[in-house]
Amino acid sequence: MYGEIIKKIRKNKGYTQKEVYTGVVSKTFYSDFEAGKYSVEITKFQELINNLGISYEEFEYFRKQNTINEEKLLENQIDVLYKNGKFEELYELYERYHKHQNTEMRHLAMNAYLLVLITNANFYKFSREPFNEILSELENAKMWTLREIKLSKLILLSISENDKDEAEQLYKRILSELKKYKEFNSKLYCEEVGDLHFNRIQSLLMINDIERARETLSVYNELINPSDNLHLLVQLEFINNLVGLYLDFFSSQSKMKALLDTLNLIPSSESKFYTIIFQIHQEKARNYYERYK
């Protein structure tokens, strides 16, 4: 979609393709980019819009103006269904849209599938086969943009205990892909790295690798504690309590319920999200604690 928007801006300004791609990418690659066949890494994208004579903020304005209503509606629908535990309906959205001709619609469908997989994969119609298809698509992508990174963070929550090495490689790949955003947008980088560690810790807890989860939590604390981002600080407090459930269940359970009660005073999709995660881990953490205390 980014390529299509660049094409619209270029034509509206009366620029040729050559004026935009020269010194940045090849003619063939640029034509394919405008046609929506390829993504382009962030540094090269910045050079392309520089050649167009617009800022990133201007591009974002044009992008938002061109956002397809169907995509926004589907994104909102997925969010509502997930927060309300409608997993079968989420899976039906995946089945309906995963072969859509629009790339963004297909990726939203993948998101719906992965949300079912990490939360409730046991209802009667579920299949893990799409998981392998999503992995294959990511592996075949010539480069990752935020869209692929966000999908990968969900996949990280879905990898089984038998695939620890694969999970470690994916975690490192996401970290590597995120580095290119550090200088470009430090706020975005901080939020994405925070979400990555949030997911990584959950995945380690799910496979009972508690020691590695504690190590990752230590890194997460170092990254986020200096931040003044309220969302990340709340997320950090939640994940500290989540790890605590496995180490000292009853004490951490009280702290977790107090935190959720506070968050629920201002009902939001965020508080429902945390409640779902707590419910996923609560019984598992108790069993682990009682077994190994």
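**Entry 1: Ser-152**

Which residues does Ser-152 touch, not counting residues up to four places away in sequence? I started here, keeping in mind that this is a predicted model. I looked up the location first and found Ser-152 in helix H10. Its relative accessibility came out at 0%, so I noted Ser-152 as buried. Then I went through the contacts: Ser-152 touches Leu-138, Trp-144, Leu-170 and Ile-174 once residues up to four places away are set aside. Leu-138 caught my eye, as this residue is one of the buried ones in H9. That sent me to H9 next.

**Entry 2: helix H9**

I checked the length of H9, which runs over residues 129–140. Its 12 residues should span 16 Å at 1.5 Å a residue, and I found the end C-alpha atoms 17 Å apart, which agrees.

Which residues of H9 are buried? I listed Pro-130, Phe-131, Ile-134, Leu-135 and Leu-138. These cover an arc of only 145° around the axis, so they sit on the same side of H9. I then turned the helix around: the face away from the buried side carries Glu-139 and Asn-140, both exposed.

What do the buried residues of H9 pack against? I wrote down four partners: helix H7 (87–97), helix H8 (103–119), helix H10 (146–156) and helix H11 (164–178). H10 is on that list, and H10 is also where I had found Ser-152.

**Entry 3: Glu-34 and helix H3**

A glutamate was next on my list. Is Glu-34 buried or exposed? I found 3% relative accessibility; a residue counts as buried under 20%, so Glu-34 goes down as buried. Glu-34 belongs to helix H3, residues 27–34.

I looked for side-chain partners and found two polar contacts. One joins the side chains of Glu-34 and Gln-17 at 3.0 Å. The other joins the side chains of Glu-34 and Tyr-30 at 2.6 Å. Beyond four places in sequence, Glu-34 touches Gly-3, Glu-4, Ile-6, Lys-7, Arg-10 and Gln-17. Gln-17 thus turns up both in this contact list and as a polar partner.

I widened the view to the helix. The buried residues of H3 are Tyr-30, Asp-32, Phe-33 and Glu-34, so Tyr-30, the polar partner at 2.6 Å, is buried with Glu-34. Among the elements covering these buried residues I noted helix H1 (2–13), helix H2 (17–21) and helix H4 (42–52). I also checked what comes after H3 and found Gly-36, with a positive phi near 85°.

**Entry 4: the cavity search**

How many cavities of 30 Å³ or more does a search of the whole structure find? I got 1. The largest cavity has a volume of about 40 Å³. Its lining is made by Leu-156, Ile-159, Ser-160, Asp-163, Lys-164, Ala-167, Ser-203, Leu-204 and Ile-207. The elements giving two or more residues to this lining are H11 and helix H12 (186–206).

I picked Ser-160 from the lining for a closer look. Ser-160 is found in the loop between H10 and H11. With a relative accessible area of 31%, Ser-160 is partly exposed. I paired Ser-160 with Ser-203, which also lines the cavity. The two are 43 residues apart in sequence, and their C-alpha atoms are 8.7 Å apart in space.

For another pair I took Leu-204, also from the lining, and Lys-8, which lies in helix H1. These two are 196 residues apart along the chain, and 45 Å separates their C-alpha atoms. Lys-8 is partly exposed, with a relative accessible area of 45%.

**Entry 5: a backbone check at Asn-208**

I looked at phi again, this time at Asn-208. Asn-208 has a positive phi of about 60° although it is not a glycine. I placed Asn-208 in the loop between H12 and helix H13 (210–224). At 37% relative accessibility, Asn-208 counts as partly exposed.

**Entry 6: helix H15**

I closed with H15, residues 249–263. Its 15 residues reach 21 Å from the first C-alpha to the last, close to the 21 Å expected at 1.5 Å a residue. The buried residues are Phe-249, Ser-252, Gln-253, Met-256, Leu-259 and Leu-260. Their arc around the axis is only 130°, which puts them on the same side of H15.

Methods
Residues numbered from 1 in each chain as written. Predicted model: local features only at pLDDT ≥ 70, side-chain atom pairs only at ≥ 80, totals over all residues. Heavy atoms only, no water. Buried < 20%, exposed > 50% of the residue type's maximum accessible area, 1.4 Å probe, protein only. Polar contact = N/O pair within 3.5 Å; in protein donor to acceptor, adjacent residues only side chain to side chain. Contact = heavy atoms within 4.5 Å. Expected span 1.5 Å × (residues − 1). Arc of directions from axis to C-beta. 1 Å grid on protein atoms, 1.4 Å probe; cavity = no way out; pocket = protein on both sides within 12 Å on 5 of 7 lines; lining within 4 Å. Points joined across faces, edges and corners; volume = space filled by probe spheres on them.
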